Amino acid sequence: MKGYLAFLKKELFEYAKTYKLFIMLIIFAVFGITNPLIAKLMPEIVKSFITDGVVITLPEPSAYDAWTQFFKNATQMGLIVMVILFSGVLSSELSKGTLINLLTKGLFRTAVILSKYTCMVLVWTISIVLCFGLTYGYTVYLFPQGETSNLLFSVFCLWLFGLFLLAALLFSATLTGNSYGGLLITGAVVVVCMIMNIIPNVHRYNPISLATDNMGLVLNSIEASSLYSTIMISCLLSLIFVSLSIVIFRKKQL
Amino acid sequence: MDLATLKEYLPFLVPLVIAQLALAITALVHVLRHPRYRFGNKVMWVLVVLFIQFIGPALYFAFGRGEE
């Protein structure tokens, strides 16, 4: 436990020193600010492209458009930036051999993996909360009469999908031991989830539903209860990924 | 877009500009002070960091920076 806390502190310090924390926070803050802004400006942008003789009537932008932008940006760019930044989670220390000293001094390998996962989850949580807070504030400011349902639950689903993705990333990083292999396997996991989504019955149990059904939840076209099984499966898969990482890392030759 | 609309969106634009500048400058300073990269050269990274907004500095810190 002591080793776990010490290593967690070291991890957080490392993210701050390598500017990764800074980049994550700024990029998510920028998303948070631009989401409502793009929703508000969309009619203007479209108008500037229209030439004479073409008439397009656009509905007045609403809070829904801002949240559409939020879930589009956070699920695509946001998750991509997060995975790229965390791709070196294990590889840099393995290639430099800096872990060996700590492990021979009695740090448990389980503690290493667990504190790495905790640290990634912490950074992701702070980023998504920041992004959500900024989007919420500006959306309320720009579209005061917007009514949304299930908003917090929808963001919670997105957060959970991030956890699932981080677990997959940790697992693949432990398995391959380098950052490109980790990125490749994580990408493969997402692609497999997307392909599985074509089968209608799988959709209910597919973790990727957590990142695709968000707008449906906000618009109330999808019942919150239909996602409960997906949530269960995602938590279970994340747990399996993290446990497998521990098992593999304990057997790994450093 | 005229000046009045620009003024209306100032509360959005100012933080955005500050964020972009902060990212670009931090990355630029790092590029110039640590002239060893995993791949590419100084000119390439300066251009990437300055002209690819938001993603450029992220790419640099994730892939470009060499070991200390």
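Here is a chat between a trainee and a mentor about a predicted model with chains A and B.

Trainee: Let's begin with chain B. Why is Gly64(B) called buried?

Mentor: Count its neighbours: the cut-off is 20 or more other C-beta atoms within 10 Å. Gly64(B) has 21 of them, so it counts as buried.

Trainee: Where does Gly64(B) sit, and which residues is it in contact with, leaving aside neighbours within four places in sequence?

Mentor: Gly64(B) lies in helix H4 of chain B. Its contacts beyond those four places are Tyr37(B), Arg38(B), Gly40(B), Trp45(B) and Leu59(B). Take Gly40(B): 24 residues separate that glycine from Gly64(B) along the chain, yet their C-alpha atoms are 7.6 Å apart.

Trainee: How many of chain B's residues count as buried, as a percentage?

Mentor: 19% of the 68 residues. For chain A, buried residues are 39% of 254.

Trainee: What radius of gyration does chain B have, set against a compact globule of 68 residues?

Mentor: Such a globule would come out near 11 Å, but chain B has 15 Å. The C-alpha trace of chain B spans about 50 × 20 × 15 Å along its principal axes.

Trainee: What elements is chain B built from?

Mentor: Four helices and zero strands, so read along the sequence you get α-α-α-α. Chain A has eleven helices, again with zero strands, and its C-alpha trace spans about 75 × 40 × 30 Å along the principal axes.

Trainee: On to chain A's helices, then. How do you know that the length of H3(A) agrees with its number of residues?

Mentor: Helix H3 of chain A runs over residues 63–86, which is 24 residues. At 1.5 Å a residue these should span 34 Å, and the end C-alpha atoms are 32 Å apart, so the two agree.

Trainee: Where is the kink in H3(A) centred?

Mentor: On Ala74(A), with a bend of about 35°.

Trainee: What makes the span of H1(A) agree with expectation?

Mentor: The reasoning runs along similar lines. Helix H1 of chain A covers residues 2–17, 16 residues that should span 22 Å; its end C-alpha atoms are 23 Å apart, so that agrees. After H1(A) comes Tyr19(A), with a positive phi near 65°.

Trainee: Which residues touch the most other members of the largest nonpolar core?

Mentor: That core has 77 residues, and the ones touching the most other members are Ile27(A), Leu158(A), Leu166(A), Ala167(A), Leu169(A) and Leu170(A). In soluble globular proteins, nonpolar side chains tend to be buried together.

Trainee: Which residues does Ile27(A) touch, not counting those up to four places away in sequence?

Mentor: Val81(A), Phe54(B) and Ala58(B). Two of those names carry a B, which brings us to the interface.

Trainee: How many residues of each chain are in contact there?

Mentor: 14 residues of chain B contact 15 of chain A. On chain B, helix H2 (10–33) and helix H4 (55–64) each supply at least two residues of the touching side, and H2(B) gives the most, with seven.

Trainee: How many residues of each class, nonpolar, polar and charged, does that side of chain B have?

Mentor: 13 nonpolar, one polar and no charged residues.

Trainee: And how much of the contact within each chain joins residues at least 24 apart?

Mentor: Looking at contacts with a separation of 6 or more, residues 24 or more positions apart account for 80% in chain A. For chain B, the figure is 56%.

How values were computed:
Residues numbered from 1 in each chain as written. Chains lettered and ligands numbered in written order. Predicted model: local features only at pLDDT ≥ 70, side-chain atom pairs only at ≥ 80, totals over all residues. Contact = placed C-beta atoms within 7 Å. Nonpolar A, V, L, I, M, F, W, Y, C, P; charged D, E, K, R; others polar. Buried ≥ 20, exposed ≤ 12 C-beta atoms within 10 Å, placed from the backbone. Expected span 1.5 Å × (residues − 1). Bend = angle between axes of the 7 residues up to and from the residue. Core = buried A, V, L, I, M, F, W, Y, C linked by C-beta atoms within 7 Å. Rg over C-alpha atoms; globule rule 2.2 N^0.38 Å.
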